[in-house]
Amino acid sequence: MGPLTLGIGLVVIALATLLSLAGAFAFTLAQAAAMLLLVLGIGMAVGGFVGRARWLALPMLAIVPFALVLTVLHIDLDDGIGERTITIRTLDEPVERRLAAGDMTVDLLNLRPGESGTVNIHVGAGMLTLNIPDDITVELTGSVGLGTTQTLHSRVTRGGVHACCGYAEALGGFAQPIRWGGGPRAGSVAGTVRIQATVSVGAVRINHVNRSPSR
Amino acid sequence: MKPHRFDPFSFVVGLAIAVLGGMLLWGDLDVPDLRPSRLWPLPVFAVGLMFTLYGVRRLVESMREAALTETEAWAETDPDGSNTLEQD
């Protein structure tokens, strides 16, 4: 029963991968691992009645951690690995950026007050830093699967950004959408920037930056 | 394939892994779904099911043995089958 099950599992995965390469459907490594677990599990369960194959537990236990990590972390290596800095100057079109692993900094400091739009960011494993000016209205939602959310109130000086006014850290993600903003400046058009930030494992750091000249 | 007596270990472990594979494939799981506070009933259920199936197997086998012993005892007391009731 064991060799038969293993053989069927490998054939199923090979066929699915070939169909995927032919463009029939998307088939990721995470799905391959999950499908192999499914087939081996069914084979072992059937083996409980006929042709017992207890040794199948060993390959299954070896595959489980990989399948779990690949599936729940939503890491797609096509998203890239490394360090990224994204400066957003306008939100005429929705902005979407993804990174498989590494550090990503999203800088909204060049946005005009009153600007509205959508920003979607996903980091598989690593640190996501959001530099958000305090004179735009922001609605921040998202999640941190395993890690922390850090909120930093800071001030822009000639030398860059430095913390000055407060610091908060929470385990996990955003239980409630975070909404803040001093509102648009006088004379500007009201608007809200909606940011969806997700990090599977790592941290989100929010630098809430005062753009007004330092006193 | 050789015939074997029912093996609860293979059945339960295989079933659990198959369910896990199905959940990973179609369940849209995320990291928070894997918190121990959410997961602990599953291994408890698997272990409980395994013990239950071992118990059921033992019960079924003991009932079969009892039935077999009874048949053999009856055959010993009546080796030529002369006490068998004949119906008209």
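Which strand of chain A is largely enclosed by the rest of the structure? I began my notebook with that, keeping in mind that the model is predicted.

**Entry 1: a strand in chain A**

I looked up strand 3 of chain A, which covers residues 117-133. I found 13 of its 17 residues buried, so strand 3 is largely enclosed by the rest of the structure. I then looked for its pairing partners. Strand 2 of chain A, residues 95-107, runs parallel to strand 3, and 12 bridges join the two. I picked out one bridge from this pairing: Ala101(A) has Ala125(A) as its partner in strand 3. Strand 3 also pairs with strand 7 of chain A, residues 192-210, again in the parallel sense, over 16 bridges. Here I noted Asn131(A), whose bridge partner in strand 7 is Asn207(A).

**Entry 2: helix 1 of chain A**

I went to helix 1 of chain A, residues 2-21, and looked up Val11(A), which is found there. Val11(A) has a relative accessibility of 49%, so I wrote it down as partly exposed. Val11(A) forms a nonpolar patch on the surface with Leu15(A), Leu18(A) and Leu21(A). Together the four have about 430 Å² of accessible area.

I looked up a second residue of helix 1 of chain A, Thr5(A). Is Thr5(A) buried or exposed? Its relative accessible area is 4%, and buried means under 20%, so Thr5(A) is buried. I then asked what Thr5(A) is in contact with, leaving aside its neighbours within four places in sequence. I found Val39(A), Leu40(A), Gly43(A) and Leu56(A).

**Entry 3: chain B as a whole**

I counted the secondary structure of chain B and got three helices and zero strands. Read from the N terminus on, the order of elements is α-α-α. Chain B has 88 residues, and buried residues make up 24% of them. About 6,800 Å² of chain B is exposed, with 65% of that supplied by carbon and sulfur atoms.

**Entry 4: aromatic pairs**

How many aromatic pairs does the structure hold over all chains? I found four. One of them is Phe49(A) with Phe6(B): the ring centres are 4.8 Å apart and the planes stand at 35°, so I recorded the pair as tilted. Phe49(A) lies in the loop between helix 2 (29-47) and helix 3 (57-72) of chain A, while Phe6(B) lies in the segment before helix 1 (8-26) of chain B, so this pair joins two chains. I checked the accessibility of Phe49(A) as well, and at 48% it counts as partly exposed. Phe49(A) and Phe6(B) form one aromatic cluster with Phe11(B).

**Entry 5: a salt bridge between the chains**

I next looked for salt bridges and found four over all chains. One of them is between Asp7(B) and Arg54(A), with 2.8 Å between the closest N and O atoms. The pair crosses between chains: Asp7(B) is in the segment before helix 1 of chain B, and Arg54(A) is in the loop between helix 2 and helix 3 of chain A. Which burial class does each partner fall into? Asp7(B) has a relative accessible area of 1% and is buried. Arg54(A) has 38% relative accessibility and is partly exposed.

**Entry 6: salt bridges within a chain**

I stayed with salt bridges and looked up Glu139(A), whose side chain meets that of Arg194(A) at 3.9 Å, N to O. Glu139(A) is in strand 4 of chain A, residues 137-157, and Arg194(A) is in strand 7 of chain A, so the salt bridge ties together parts that are 55 residues apart in sequence. I found Glu139(A) partly exposed, with a relative accessible area of 24%. Arg194(A) is partly exposed too, with 43%.

In chain B, I looked up the salt bridge of Arg5(B) with Glu61(B), where the closest N and O atoms are 2.9 Å apart. This pair links distant parts of the chain, 56 residues apart: Arg5(B) is in the segment before helix 1 of chain B, and Glu61(B) is in helix 3, residues 41-77. For burial, I noted Arg5(B) as partly exposed at 45% relative accessibility. Glu61(B) is partly exposed at 24%.

Conventions. Residues are numbered from 1 along each chain as its sequence is written. Chains are lettered from A and ligands numbered from 1 in the order in which they are written. This is a predicted model: local features need pLDDT of at least 70, side-chain atom pairs count only at pLDDT 80 or more; totals for chains, interfaces and linings use all residues. Side-chain values use heavy atoms; hydrogens and water are left out. Patches are made of residues with over 30% relative accessible area and no salt bridge: like charges are joined within 9 Å, nonpolar side chains (Val, Leu, Ile, Met, Phe, Trp, Tyr) within 5 Å. Accessible areas come from the Shrake-Rupley method with a 1.4 Å probe; for residues, only the protein chains shown count as cover. Helices (H or I, at least four residues) and strands (E, at least two) are DSSP runs, numbered from the N terminus. Buried means under 20% relative accessible area, exposed over 50%, partly exposed in between (1.4 Å probe, protein chains only). Contact means heavy atoms within 4.5 Å. Two strands pair if DSSP finds at least two bridges between them. Rings of Phe, Tyr and Trp (its six-membered ring) pair if their centres lie within 6.5 Å; planes under 30 degrees apart count as stacked, over 60 as edge-to-face and the rest as tilted.
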